[in-house]
Amino acid sequence: MTAGTGPDGTAAGTAPEREPLPESARKPERILLVGMMGAGKSTVGQLVADKLGWGYLDSDAEVMAATGLTVPELFSLHGEAAFRAAETDALGLACASAGPVVVSVAGGAILSPENRDLLRRSGRVIWLRARPETLTARVGDGAGRPLLGSDPGTALRTLEAVRRPLYAEVADDSIDVDDLSPDEVATRIIDRVGA
Ligand code: S3P
């Protein structure tokens with residue numbers, strides 16, 4: 001130690017420089033919920049936002065607001081590619097919106113590498129993970145979800161197998177929601193995020 005420096009080697013009277021907190025320990029500006037159709041993203045997302053007093057956005061709702069069409073209308077009039085383009089636009093706006101905000105991200109948004117990259121950079125990504133049987137029970141006859149066709153159980157199983165590694169790739173954390181109520185899932189999210 002030399003004259004004029006404190007015991008830790010910093011100039012006397014100045015605070016030592018601290019390492020910035022790792023991202024995982026900081027409160028995020030956005031909580032981004034990902035997962036399959038039927039995982040409960042919208043119900044839980046709204047609950048988390050209400051409990052925290054944060055804003056809330058749902059990517060499907062943003063697509064509908066921007067296009068003036070429902071998701072099934074967009075699929076049938078313009079095709080899935082047009083829906084995915086509108087989804088990427090909506091996600092871009094949601095991820096640029098001033099926080100704090102909870103965003104429910106529609107199930108297929110993680111198919112695009114651009115969207116996955118955006119999600120990872122935009123906040124804490126939580127995967128609401130559910131078994132295909134749970135998803136099947138929750139979506140019922142699949143009304144309003146054009147990808148589920150006439151056999152939602154088979155469609156969900158196939159989609160889930162393809163998408164599982166993509167959800168795992170973007171998620172900072174995951175919650176197995178099969179045996180939890182929406183309120184329990186919301187409470188866990190808030191605990192995990194430390195918000
Ligand atoms: C889709 C999920 C739906 C909706 C569309 C396609 C998908 O949203 O965007 O039917 O590809 O997984 P939810 O995950 O909110 O049901």
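**Group meeting: a cavity, two cores and some salt bridges**

Let's start inside. By class, the largest cavity is lined by 7 nonpolar, 1 polar and 2 charged residues. One caution before we go on: this is a predicted model.

So which residues line the largest cavity? Here they are: G35, M36, A39, W127, L128, R129, A130, L135, E160 and Y167. Pick them out on the structure above. Two elements each bring at least two of the lining residues: strand 4, residues 124-129, and helix 7, residues 152-170. Strand 4 gives the largest share, with 3 residues.

What volume does the largest cavity have? About 40 Å³. A search of the whole structure, with a floor of 30 Å³, turns up 1 cavity.

Now step back to the overall fold. The protein chain has 8 helices and 5 strands. Read from the N terminus, the order is β-α-β-α-α-α-β-α-β-α-α-β-α. There are 195 residues in the protein chain, and 43% of them are buried. Next, contacts across the sequence. Take contacts between residues at least 6 apart in sequence: 74% of these join residues at least 24 apart.

On to the cores. The largest nonpolar core holds 45 residues. Which of its members touch the most others? I31, V34, L119 and I189. Helix 7 is the top contributor to this core, with 6 residues. We met helix 7 a moment ago, in the cavity lining.

Look at I31 in detail. Leave out residues up to four places away in sequence, and I31 touches V48, L52, W54, V101, V102, V103, R124, I126, I189 and V193. I189 is in that list, and I189 is also among the residues with the most core contacts.

There is a second core, separate from the others, with 8 residues. Its members include V71, L74, F83 and A86.

Last topic: charges. How many salt bridges does the structure hold? The count is 12. I'll show three.

The first pair is R84 and E87. Their side chains meet at 2.9 Å, N to O. Why do these two line up? They sit 3 residues apart in helix 4, residues 80-96, so about one helical turn separates them. Are R84 and E87 buried or exposed? Both are buried.

The next pair is E169 and R116. Their closest N and O atoms are 3.1 Å apart. E169 belongs to helix 7 and R116 to helix 5, residues 113-122, so this bridge ties together parts 53 residues apart in sequence. The two ends sit in unlike surroundings. E169 is partly exposed, at 39% relative accessible area. R116 counts as buried, because its relative accessibility is 10% and the cut-off for buried is under 20%.

My third pair is D173 and R192, with closest N and O atoms 2.9 Å apart. D173 lies in strand 5, residues 173-176, and R192 in helix 8, residues 182-193, so a strand and a helix are tied across 19 residues of sequence. D173 has a relative accessible area of 24%, which is partly exposed. R192 is partly exposed too, at 38%.

Finally, a network. Salt bridges with shared partners link E80, R84 and E87 into one group. That takes us back to the R84 and E87 pair in helix 4.

Definitions and conventions:
Residues numbered from 1 in each chain as written. Predicted model: local features only at pLDDT ≥ 70, side-chain atom pairs only at ≥ 80, totals over all residues. Heavy atoms only, no water. 1 Å grid on protein atoms, 1.4 Å probe; cavity = no way out; pocket = protein on both sides within 12 Å on 5 of 7 lines; lining within 4 Å. Points joined across faces, edges and corners; volume = space filled by probe spheres on them. Helix = DSSP H or I, 4+ residues; strand = E, 2+ residues; numbered from the N terminus. Nonpolar A, V, L, I, M, F, W, Y, C, P; charged D, E, K, R; others polar. Core = buried A, V, L, I, M, F, W, Y, C linked by side-chain atoms within 4.5 Å. Buried < 20%, exposed > 50% of the residue type's maximum accessible area, 1.4 Å probe, protein only. Contact = heavy atoms within 4.5 Å. Salt bridge = Lys/Arg side-chain N within 4 Å of Asp/Glu carboxyl O.
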